[in-house]
Amino acid sequence: MDADEREMLVASVHQLLTGTRPDPLGDLGWDELFAAEPAVAVTTVFEEKGRTLATIDSLDRVVASAVGVAGDVTIVHPVPGDHRSPGPAGVVLAGGRRPSSTTAWLSSGGPVRLIAEEAVAWYPCQGIDADLLGWQVTVDEPVEAGVPPNPTTGPAAIVAARRALAHELVGVAEATQNLALRHVLERTQFGHPLAALQSVRHRLADVHVAIEAARTATAVAWAEPDDLAATVAKALAGRAARAATAAGQQLCGAIGFTWDHPLHRYVRRALALDGLYGASDELAGEIGALLAERGHAPRLGR
Amino acid sequence: MADDPLLDAGPYREGLRRWIAEEGPVLQGWSLPRSGSMVEGYRHDLGLVRLLAAAGWSRYGWAPEAGGRGGSAELRAVLYDELAIAGIRLPELYLVLETLGPLVQAQAPVLAATELPAFISGERSWCQAFSEPETGSDLASLRTRLASSDQGWRLTGHKMWCSFGAATEAAVVLARTGTPESRHRGLTMVWVDLRTPGCDLRPIRAETGRDEFAEIFFDDVAVGNDAIIGAVDGGWAAAMYLLQFERGMYAWQRQAYLHGLLDVAVAAGVDGPGEERAVGDAYLAVCALRNKCRGTVAALAAGETTGPRTSVDKVLLATAEQTVFDRLELLARDALLTGDGQRGKALREGWFFSRAASIYGGAIEVQRDIIAQHLLGLGAVRGR
């Protein structure tokens with residue numbers, strides 16, 4: 001896909017995600033695109049999802065594909081902040097497949113399990129981001145349903161999820177940065193726009209650096225066979241999104257603090273996405289432990 | 001030369017790894033950690049520089065006209081990566097070679113033919129002489145004068161902060177050929193043999209305890225026409241060209257070195273979640289630097305101009321250096337505070353030097369200004 005085709009795809013995705021049609025991914029031809037060019041599909045859709053705060057079930061589809069389940073399986077994602085827990089809780093995202101006959105249960109590094117409906121308890125969840133979160137899910141006595149997926153698919157699903165979420169976090173970071181840029185260019189005090197102040201400019205410059213770091217890391221996460229690259233990408237993207245939203249909360253001042261201003265929706269989304277599959281500070285610890293295990297610092301990307 | 005299989009990065013890397021493995025015991029003499037006198041360390045490293053040039057590995061990526069074996073500059077990136085992977089401390093000569101060499105190779109062919117081979121092989125080292133006591137980030141304010149004379153030029157002035165100056169025999173100097181008010185328009189880049197009468201070099205001791213820098217007094221020093229790099233009054237363009245490489249391959253060498261420090265730290269053992277997080281933080285900062293400057297190295301090797309985008313590389317470089325040493329402080333606090341052996345001394349030197357990473361080559365505040373104005377479209381700062 002060349003640069004022009006890419007640009008057209010981004011525009012189509014943007015239009016679909018900001019429109020009112022009930023199945024944007026179906027209209028896009030996600031299945032075909034993902035099968036043919038997974039990197040293009042994930043990069044484009046997840047970055048736009050981040051930018052537009054859309055709530056489509058793209059993460060469920062990526063994870064389902066990595067695990068090798070299809071049909072009416074509900075994907076339960078590791079609980080924010082506790083992705084290493086093998087159970088008993090997880091979340092189902094809004095826009096995802098509603099609780100149904102079988103749930104696919106992910107835990108970090110462990111095998112994916114298919115749990116029957118009768119063993120699962122569902123609670124609606126709003127939490128920090130009511131648009132993103134759907135249900136909290138717990139299991140007391142797991143009842144296996146059907147043939148379990150290949151054990152290697154658990155780690156593969158974590159990698160795929162982290163990589164996709166990294167793209168989405170980059171999108172959130174960029175959209176938030178744009179909000180802040182617009183604000184500081186328009187808002188004046190003491191006869192000058194806020195953008196003329198060096199402390200303001202430097203804060204936004206640091207956000208730009210963080211986004212660039214995240215962006216190059218996501219590219220390496222596709223090119224590099226070492227799974228560590230996806231974890232690095234998610235950690236850097238989480239930090240970029242947190243840096244952008246924190247800068248936005250400071251620089252957009254009082255008006256940015258209101259419910260009506262769009263900023264807090266980006267803050268909520270950044271926090272929630274950062275928390276899925278390992279928040280950036282938790283991932284730093286996971287990376288450190290992995291490096292200790294390997295006995296050296298891997299050089300990712302050539 | 002076109003048939004040389006080592007011109008491809010894959011075979012070059014394989015061949016180099018094999019050579020490093022074979023030379024194992026010999027190369028241990030240049031392994032991490034190391035501390036002490038800058039000049040002694042620099043001269044000790046010349047042994048490795050000579051070895052790599054004689055074996056040919058460091059000639060790849062330089063043009064045949066400059067004593068090189070041809071091939072993309074990306075081969076040099078492979079060299080620095082592989083040396084650091086093998087636990088070898090990168091000779092500081094290469095930092096300056098990578099900053100000054102590309103400019104001379106591109107814009108001073110006579111100089112490149114006569115002097116660059118000697119630099120690559122460690123026979124004659126150069127330093128960079130841009131800053132002055134009154135000229136740091138505001139490079140266009142410099143005053144060192146290059147006046148025309150009947151046999152070429154005469155150089156008079158005072159340069160400061162010349163890295164590794166006390167170990168070098170030549171300097172690349174940015175001087176004023178225009179009127180005092182000509183700012184960036186009246187500058188010329190010139191190469192100066194420091195053995196020429198009128199040159200007086202004095203070391204500057206940094207808070208690392210090492211003579212990291214030197215100041216050079218030029219008193220009516222004779223300089224020939226062949227020593228001009230680029231065009232007369234084209235010094236600003238030459239400096240901007242050069243700065244790209246400082247952000248590219250210099251940054252790449254630093255990420256190789258920082259990765260090497262993490263290799264050592266991790267091999268020494270990581271104890272508990274606090275230390276694990278420290279290692280992870282440091283690694284993330286180095287990854288961010290590596291990823292970004294790898295792209296810059298590739299762009300420069302392909303002949304592209306990178307422009308203000310490399311201010312991002314510079315910020316990432318300063319952040320990576322300081323994050324790594326801040327985390328190493330946590331991981332090896334006893335060595336840092338009370339260790340009097342090589343490990344403690346090297347850690348202290350590195351920790352102090354990392355504080356300069358946000359100052360040299362253009363202060364981090366200036367980089368943020370550039371990002372804000374040229375990459376984010378926030379307009380010029382009021383008052384300028």
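User: Let's start with R348(B) and D340(B): what do their side chains meet in?

Analyst: Side chains of opposite charge can pair when their charged atoms come close. Here, in a predicted model, R348(B) and D340(B) meet in a salt bridge, at 3.8 Å from N to O. That still counts because the cut-off is 4 Å.

User: Is D340(B) buried or exposed?

Analyst: D340(B) is exposed, at 63% relative accessible area, while its partner R348(B) is partly exposed, at 22%. R348(B) isn't called buried because that label needs a value under 20%.

User: And which salt bridge has buried residues?

Analyst: Take E115(B) and R124(B): their side chains meet at 2.9 Å, N to O, and both residues are buried. D200(B) and R202(B) also pair at 2.9 Å, but D200(B) is partly exposed at 31%, and so is R202(B), at 40%.

User: How many salt bridges does the structure hold over all chains?

Analyst: There are 39. They can link up, too: E47(A), E48(A), R51(A), E174(A) and R215(A) form a network.

User: How many cross the interface of chain A and chain B?

Analyst: The rule finds 3. R299(A) pairs with D263(B), with the closest N and O atoms 2.8 Å apart. You'll also find 14 residue pairs in polar contact across that interface. On the chain A side, α7(A) gives the most, with 13 residues, and the residues there split into 24 nonpolar, 11 polar and 8 charged.

User: How much area do the two chains bury between them?

Analyst: About 3600 Å², 63% of it on carbon and sulfur atoms. In chain A, R201(A), R299(A) and R302(A) lose the most area to chain B, together 23% of what that side buries.

Notes: Residues are numbered from 1 along each chain as its sequence is written. Chains are lettered from A and ligands numbered from 1 in the order in which they are written. This is a predicted model: local features need pLDDT of at least 70, side-chain atom pairs count only at pLDDT 80 or more; totals for chains, interfaces and linings use all residues. Side-chain values use heavy atoms; hydrogens and water are left out. Buried area is the accessible area (1.4 Å probe) that two parts lose on being put together, summed over both. A polar contact is a pair of N or O atoms within 3.5 Å; within protein, one must be able to donate a hydrogen and the other to accept it, and residues adjacent in sequence count only if both atoms are side-chain atoms. Helices (H or I, at least four residues) and strands (E, at least two) are DSSP runs, numbered from the N terminus. Ala, Val, Leu, Ile, Met, Phe, Trp, Tyr, Cys and Pro count as nonpolar, Asp, Glu, Lys and Arg as charged, and the others, Gly among them, as polar. Buried means under 20% relative accessible area, exposed over 50%, partly exposed in between (1.4 Å probe, protein chains only).
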